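Colleague: Could you take one part of this model and go through it closely? I would like to hear how the inside is packed.

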Amino acid sequence: MAHIDEILQTLGDSDWQDGQPGALTHAVESSLETGHVLVLPQLRFVLRTAEQRFLDPRYADPATKNISLRGEAALMRGAVGNAQDLGELRAMLIRFRDQATALAQRLFPHYDGHLKVANTSFRPIAVEGRATSWRKDDTRLHVDAFPSNPTQGARLLRIFTNVHPGQQPRVWRVGEDFQDFARQFLPRIPRPLPGAGWLLEALHITKQRRTEFDHLMLGLHDGAKADLAWQRSCPQREVAFAPGTTWVVFSDQVLHAVMSGQFMMEQTFWLDPADQQQPEAAPLRVLEQMTGRRLGMM
Ligand code: SIN
Ligand code: FE
């Protein structure tokens, strides 16, 4: 597994699309699966001249902080503007989604036909001073797990790119290996209440059934964010992603926190652990190994 000192793997690519001269890297699945962050410092998402006006927090609904595309139909949420603004914003997000998808196909040929395109987001609001509850505070180290959106074990593969027009990096912290992290927090997670998964789904609180895996991932997410002493003292390092940099990570596996920055685009894909090159590295398999049981319906 990736040691924190060598968690970054830097790639020289300068094009998204396979077949182009700057499309250099292929087949780095195992690197991603062992918890590395793939960093492409020369892979810039280029905004069109007319799109540069969107580098302004006023296009984001203050209540949501992200502008996002959902599902196959690419419905846009969280944006404010007139009809022309909204149309052009949506086109920009769709272009990013298409480029990110082309990149994923090239970097991860083993996942071909298995990656499920999930949300696309544009984050025009500065990280600093983004008021939230402790549970939503992404300046605290965490692995991604979302209360309303259980994955039932599917992986969260995310491609990020810093589109800041000036010099401002997006500054993250990254933490220790998933298994070392889980070993500390797993024993503190209470067992789920019987029927909880069914009830949350019946009440439409969750989009699909929350399994015992999802319960444990939320427990790890919350446990990490709630423990301020651990936040300060755990093994970690700061990483600054300059404007024009793209990076790729399994965010359900790699401990991460965002400390500062503004203007980022992000594409999420879901992947069944069975379609990994090394399924045993998936959080589902790691947690099943540690608990000694199948982490399905609860
Ligand atoms: C996160 O996934 O925790 C936030 C990443 C970011 O906004 O840079
Ligand atoms: Fe996160």
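Modeller: What follows is a walk through the packing, then a helix and the metal site. Keep in mind that this is a predicted model.

Start with the largest nonpolar core. This core has 37 residues. Phe108, Phe122, Leu157, Ile159 and Val248 have the most contacts inside it. Several elements give two or more residues to this core: the strands β2 (37–40), β3 (67–70), β6 (155–162), β9 (246–250) and β11 (264–271), and the helix α2 (83–107). Of these, α2 gives the most, with eight residues. In soluble globular proteins, nonpolar side chains tend to be buried together.

Now take Val248. Beyond its neighbours within four places in sequence, Val248 touches Leu32, His36, Val37, Leu38, Leu40, Leu107, Phe108, Leu157, Arg158 and Ile159. Apart from the largest core lies another, of 23 residues. Phe178, Phe181, Leu218 and Ala224 are among its members.

Next comes helix α7, residues 283–291. Its buried residues are Pro283, Leu284, Val286, Leu287 and Glu288. They pack against β6, α3 (178–185) and α5 (212–226). After α7 comes Gly292, with a positive phi near 75°.

Last is the iron ion, ligand 2. Its protein donors are His142 (NE2), Asp144 (OD) and His256 (NE2), at 2.0 to 2.2 Å. Along the chain, these donors are spaced H-x1-D-x111-H. Buried means under 20% relative accessible area. His142 has 1% relative accessibility, so it counts as buried. Asp144 has 6%, so it counts as buried too.

Terms used: Residues are numbered from 1 along each chain as its sequence is written. Chains are lettered from A and ligands numbered from 1 in the order in which they are written. This is a predicted model: local features need pLDDT of at least 70, side-chain atom pairs count only at pLDDT 80 or more; totals for chains, interfaces and linings use all residues. Side-chain values use heavy atoms; hydrogens and water are left out. A nonpolar core is a set of buried Ala, Val, Leu, Ile, Met, Phe, Trp, Tyr and Cys residues joined through side-chain atoms within 4.5 Å. Buried means under 20% relative accessible area, exposed over 50%, partly exposed in between (1.4 Å probe, protein chains only). Helices (H or I, at least four residues) and strands (E, at least two) are DSSP runs, numbered from the N terminus. Contact means heavy atoms within 4.5 Å. Donors are N, O and S atoms within 2.8 Å of the metal (3.2 Å for Na, K and Ca); water is not among the atoms, so sites may look incomplete.
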